[in-house]
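Subject: Structure handover

Hello,

Here is the structure you are taking over. My notes on it follow below.

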2 protein chains.
Amino acid sequence: MATIYDVAKHAGVSPKTVSRVLNADAPVSEATREAVTRAMDALGYVPSHAARSIKSQKSGLIGLITGAISNAGEAAAPAGLPEIYIVQGAQAVVETSGKTLLISDTGGRLDRVPGLLRTFREHRVEGLLYVADFHKRLDLALPGDEVRKVLVNCHDEIGTPTVIPDDEGGQYALTRKVIAAGHRRIAYLTLAPAQEATRLRLQGYRRALEDAEITYDPTLVAPTDLFGTPGEHQLIWDALERFLTQHAPPTAICCGNDRLAMAVYGILRDRGFSVPEQMSVVGYDDHRLISEALYPALTTAELPYSAMGARAAQLLLELIADPDAALPDAPIRVSGQVRLRSSLIERRETVQAKIIDLKGRTET
Amino acid sequence: MATIYDVAKHAGVSPKTVSRVLNADAPVSEATREAVTRAMDALGYVPSHAARSIKSQKSGLIGLITGAISNAGEAAAPAGLPEIYIVQGAQAVVETSGKTLLISDTGGRLDRVPGLLRTFREHRVEGLLYVADFHKRLDLALPGDEVRKVLVNCHDEIGTPTVIPDDEGGQYALTRKVIAAGHRRIAYLTLAPAQEATRLRLQGYRRALEDAEITYDPTLVAPTDLFGTPGEHQLIWDALERFLTQHAPPTAICCGNDRLAMAVYGILRDRGFSVPEQMSVVGYDDHRLISEALYPALTTAELPYSAMGARAAQLLLELIADPDAALPDAPIRVSGQVRLRSSLIERRETVQAKIIDLKGRTET
DNA sequence: GGTTGACATGACACCGGTGACATGACACTG
DNA sequence: CAGTGTCATGTCACCGGTGTCATGTCAACC
């Protein structure tokens, strides 16, 4: 690979002059600039990032760790929206800033984190993004105070800057839409109770009911574990059974995520219920692979992963640019939109319910 | 950040001796080694990758470009298995080798590739992986002969080393399973005809039929475009309509991918067909988010993305380690397994078909 | 006891850039 | 015409490591 010395010799100038052409930080005569530019093209010269970074003491690198949380030895099956969307959002912003993102996936093995952190330190990363696979509390203390950190999709107890989804608000907005469609008996098949998102979304669900003066009925709420365990379908089946055999069964079901809604479609139909005519179903995540492909297409709340990644990267870059900047004193909550699709229809007393076909449209 | 000089001063030795302790490339007395180690710990010293790499002329970096292919201005909805699994497979292997993977996502914008390549050259990457989002021919000539390259999920006309899925073999094995379950009228809802995978899988499907001496019936094959276009469901509906109204309708349907199968489940049931009792359905990809969560769980062929990523990384590392190594003269095809789940059952003349419940089991 | 060699360590240059400073040419001012 | 300022360019040191070579110490051997 050509060096700045090769270019200098080729153009008949000093290396420093080539450097000046590269950085445009000092006046260079037009003739010289042209000669240098031609030499660079002829030799295919690209300046060495490594050489620049030792001199400038700035690596221009941002580290990102993902997939670290599952404590299981084996990588678990993806349960919700893949974190990759967070990574993509972050990368788009980092790239704009001229810095480069160094991404490491732990493959679900927490014990790999120290090694990755060492690699990041060797590369002198200027900041660190830590991305969890779903919204949770994090006990892992990331060492290294000299590096700015931002957590995404998780939070800790020591006030590290954090970007999380607005789970409460998302479920609230979604449930309001269900209520607005005339439903009063709205079941909720939640994710695992231990999850942070479950608690927050349940709050949103309850707040929406309260706003509409609908009494909260605990018999319409059932938790499901859905980490791809073998008994998962049975669990959902049982929960639906309890809902449907009540004397006042629900007319709509909220599901903890889109994946769960997909299973619910199948089980409901297997039991003779048509979707959405006899039962409206809504999900969470707006995992487009599922929500758009399901028949009928799924009404769901967007989990704004891409926006969260972008917001986190933006915050991190600000903290790096201004070392004296104040840390945000509370987690940054990013809101998603409600995506109205065909799986939610208006409840009518008549058998032939009118379909709200808002396919593709999105509320503002 | 502490430097090797700080450590040397702290330990009362020369920088070179610290270097020797670090690299264990020359004898150091036990006492000195201990003093140096203590100094490194006390100062939190980690050697600078940049400084090492300019001296050694080896960056220890591998570049990976992904998401580059869609020529649309906007990022398209994910159509099949996300390439991220390829990236993860590659990363696991690269990490083992002690090198670091530099990942860049183009966000679907081809015009970003030159910029990314320049960044990679600045970082002096030792090799390059180019990952496409689905199996296709690639016209993009990646410049830079000094860098070893391996293509994943795509191939070009100039003999660049390539790793692709064994689409023909995968569909063949899957179709054989369907035939083995007693089905004779097997419909095939393919992906877009322009896709490389469509052609190859159709070959596999036909070969399996031939082996079983079943006549290929073109009226049982229909292409579907499924890039999340609004009319997608209608397209599938129409195709199914044609299948089901034949005088000898199919008893099983192969779908171009799992996402398509998900839509087929809904439409079939909407038309009053139970799955799998009245119609077996199989997919392709083994996108576990879908295949395991669908009710009933989906029989499908694994698209071995993770293994492909690992294989490509392994090949690239070999090419880097041995510059004289011969390039493979043909694309490397990676095979996936058939995953038998509840959506495929044995066809019987009696109404009550016996369910092959091989949930979780996998053929060898 | 002088020579030899293994061992432990240090001095120094160099990798590819860039910051600080110096230098030479030239135009402008009084 | 000497003094001054601007522009274009070069010299040199330095960033943080490592390869090469030199040096000093001490035990082993003839």
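Which residue in β7(B) is the bridge partner of Thr190(B)? Before the answer, a word on conventions. This is a predicted model, in which local features need pLDDT of at least 70, side-chain atom pairs count only at pLDDT 80 or more, and totals for chains, interfaces and linings use all residues. Residues are numbered from 1 along each chain as its sequence is written, while chains are lettered from A and ligands numbered from 1 in the order in which they are written.

The sheets of chain B

The partner of Thr190(B) in β7(B) is Pro223(B). Strand β6 of chain B, residues 186-190, runs parallel to β7(B) and is joined to β7(B) by three bridges. Helices (H or I, at least four residues) and strands (E, at least two) are DSSP runs, numbered from the N terminus. Two strands pair if DSSP finds at least two bridges between them. Strands of a sheet pair through backbone hydrogen bonds, either parallel or antiparallel.

β6 and β7 belong to an open sheet of four strands in chain B, with the order β7-β6-β8-β9 and parallel pairing. At its edges stand β7 (221-223) and β9 (280-282) of chain B; each has a single partner strand, so one side of each is left without a neighbour in the sheet. On average, neighbouring strands of this sheet are turned by 15° against each other, direction ignored. Such angles are taken between N-to-C directions and run from 0 to 180 degrees, with axes being lines fitted to C-alpha atoms, for helices over the stretch in contact.

Another open sheet in chain B has six strands, in the order β2-β1-β3-β4-β5-β11, and its pairing is parallel. Its edge strands, β2 (100-105) and β11 (332-334) of chain B, each pair on one side only. Here the average turn between neighbouring strands is 20°, direction ignored. Within this chain, β1 (residues 61-66) and β3 (residues 127-137) pair in the parallel sense over five bridges. Opposite Thr66(B) stands Val131(B) in β3(B).

The two copies

A turn of 180° and a shift of 0.0 Å along the axis lay chain B on chain A with an RMSD of 0.0 Å. The two copies are thus related as by a two-fold rotation axis. In chain B, the C-alpha nearest this axis is that of Ala50(B), at 2.3 Å. The superposition is by least squares on the C-alpha atoms of residues with pLDDT of at least 70 in both copies.

The contact takes 48 residues from chain B and 48 residues from chain A. Residues are in contact if their C-beta atoms, placed from the backbone, lie within 7 Å. On the side of chain B that touches chain A, α10(B) gives the largest share, eight residues. By class, that side has 23 nonpolar, 14 polar and eleven charged residues. Ala, Val, Leu, Ile, Met, Phe, Trp, Tyr, Cys and Pro count as nonpolar, Asp, Glu, Lys and Arg as charged, and the others, Gly among them, as polar. The copies meet through the same surface, because 100% of the interface residues of chain B are also interface residues in chain A.

The DNA

DNA strand D is surrounded by 26 residues, the closest being Ser14(A), Pro27(A), Thr32(A), Ile4(B) and Ser19(B). A residue is near a strand or molecule if its C-beta atom, placed from the backbone, lies within 6 Å of it. The residues near strand D divide into eleven nonpolar, nine polar and six charged.

Around DNA strand C there are 26 residues, with Ile4(A), Ser19(A), Ser14(B), Pro27(B) and Thr32(B) the closest.

Regards

Key. Contact = placed C-beta atoms within 7 Å.
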